[in-house]
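Student: I've got a fold open on my screen and I'd like to talk through its strands and what packs around them. Can we start with the sheet?

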Amino acid sequence: MAQKFYVVWAGRQTGVFSEWATTHALVDKFAGARFKAFKTRAEAERAFQSGMPRRAFAPRKPATIRAPSATDAEKFDVQIYCDGACEPNPGNAGSGMAIYRKGVVTQLWYGLYNPAGTNNTAELTGLHQALLFAEQEIATGSCVQILSDSKYAISCIATWASGWEKKGWKRQGGDIKNLDLIKTAYALYSSMEPQLTLTHVSAHVGTEGNELADRMAMNAVLNKTAEFRQYEQPIEVQSILLMRAG
């Protein structure tokens with residue numbers, strides 16, 4: 001990820017900063033906060049000295065967060081939200097996952113950093129990890145739902161892959177991008193399709209599981225976490241939602 005420099009004109013401290021985590025801490029929930037990112041330190045220093053422009057950014061007002069519905073929580077033993085993030089796109093990519101049992105988040109996962117990824121590869125990778133987790137749960141008799149905000153990833157696995165397979169993994173109009181990953185994920189999906197529900201969920205509309213998976217994916221990008229690992233800190237939902245979104 002290209003280095004960025006952040007100017008804070010109004011915050012708990014003002015100045016030019018090179019780390020987003022530091023900048024976020026200075027502007028988050030600060031009334032009237034104003035800040036902006038720049039590609040070079042020289043640009044940032046000039047902007048800071050020139051004073052706050054009209055188009056300085058204010059922290060985005062978060063959407064109202066909604067936990068899984070009671071109906072879905074009763075219908076499924078396990079719900080797996082998966083997501084991917086990439087900054088820039090193409091560029092630094094990572095994936096995240098949030099596991100719910102009977103409507104309560106119990107585990108968060110993040111990692112699989114790829115310095116040359118895309119948003120689509122990150123989403124597919126997140127879905128693949130969700131399928132691996134679902135396979136274990138279904139083997140114990142659990143009823144599982146996977147939720148992703150990527151129409152592309154869902155379509156690849158649940159709609160397009162069967163036709164591509166019948167045609168020798170070819171498609172009209174050219175090569176299939178991310179083919180190896182699609183083949184692997186589709187094989188998993190096919191083996192448990194009758195016991196698995198794959199659902200599209202809208203992104204960044206306040207669905208708690210989707211937002212948590214998003215924060216985990218971006219956490220993987222920011223920390224360049226290669227392995228897919230469980231988030232070991234206490235799952236304090238409101239604090240995690242303050243982490244940088246993808």
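Tutor: Sure, and here's a way in: β5 and strand β6 (residues 104-117) run antiparallel, with nine bridges between them. Strands here are DSSP E runs of at least two residues, helices are H or I runs of at least four, both numbered from the N terminus, and two strands pair if DSSP finds at least two bridges between them. Bear in mind that this is a predicted model, where local features need pLDDT of at least 70 and side-chain atom pairs count only at pLDDT 80 or more, while totals for chains, interfaces and linings use all residues. Residues are numbered from 1 along each chain as its sequence is written, and side-chain values use heavy atoms, with hydrogens and water left out.

Student: Which residue in the hairpin of β5 and β6 takes a positive phi?

Tutor: Look at the turn, where two residues sit between the strands. The phi there is near 55 degrees, and the residue that takes it is Lys102.

Student: How many bridges join β4 to β5?

Tutor: A hairpin with three residues links these two strands, and they run antiparallel. Along the ladder, Val78 has Arg101 as its bridge partner, and Ala85 has Gly94. The count of bridges is 10.

Student: Which strands are at the edges of the sheet?

Tutor: It's an open sheet of six strands with mixed pairing, ordered β8-β7-β4-β5-β6-β9. An edge strand pairs on one side only, and that goes for β8 and β9 (229-230).

Student: Is β5 mostly covered or mostly bare?

Tutor: Buried means under 20% relative accessible area, exposed over 50%, and partly exposed in between, using a 1.4 Å probe and protein chains only. By that cut-off 10 of the 11 residues in β5 are buried, so the strand is mostly covered.

Student: Which element gives the most to the largest nonpolar core?

Tutor: A nonpolar core is a set of buried Ala, Val, Leu, Ile, Met, Phe, Trp, Tyr and Cys residues joined through side-chain atoms within 4.5 Å. The largest one has 32 residues, and Leu131 is among those with the most contacts inside it. Elements supplying at least two residues each include β4 (78-87), β5 (91-101) and α4 (119-139). With seven residues, the top contributor is α4.

Student: Leaving aside neighbours within four places in sequence, what is Leu131 in contact with?

Tutor: Contact means heavy atoms within 4.5 Å. With those neighbours set aside, the partners of Leu131 are Ile146, Ala185, Leu188, Tyr189, Met192 and Leu196.
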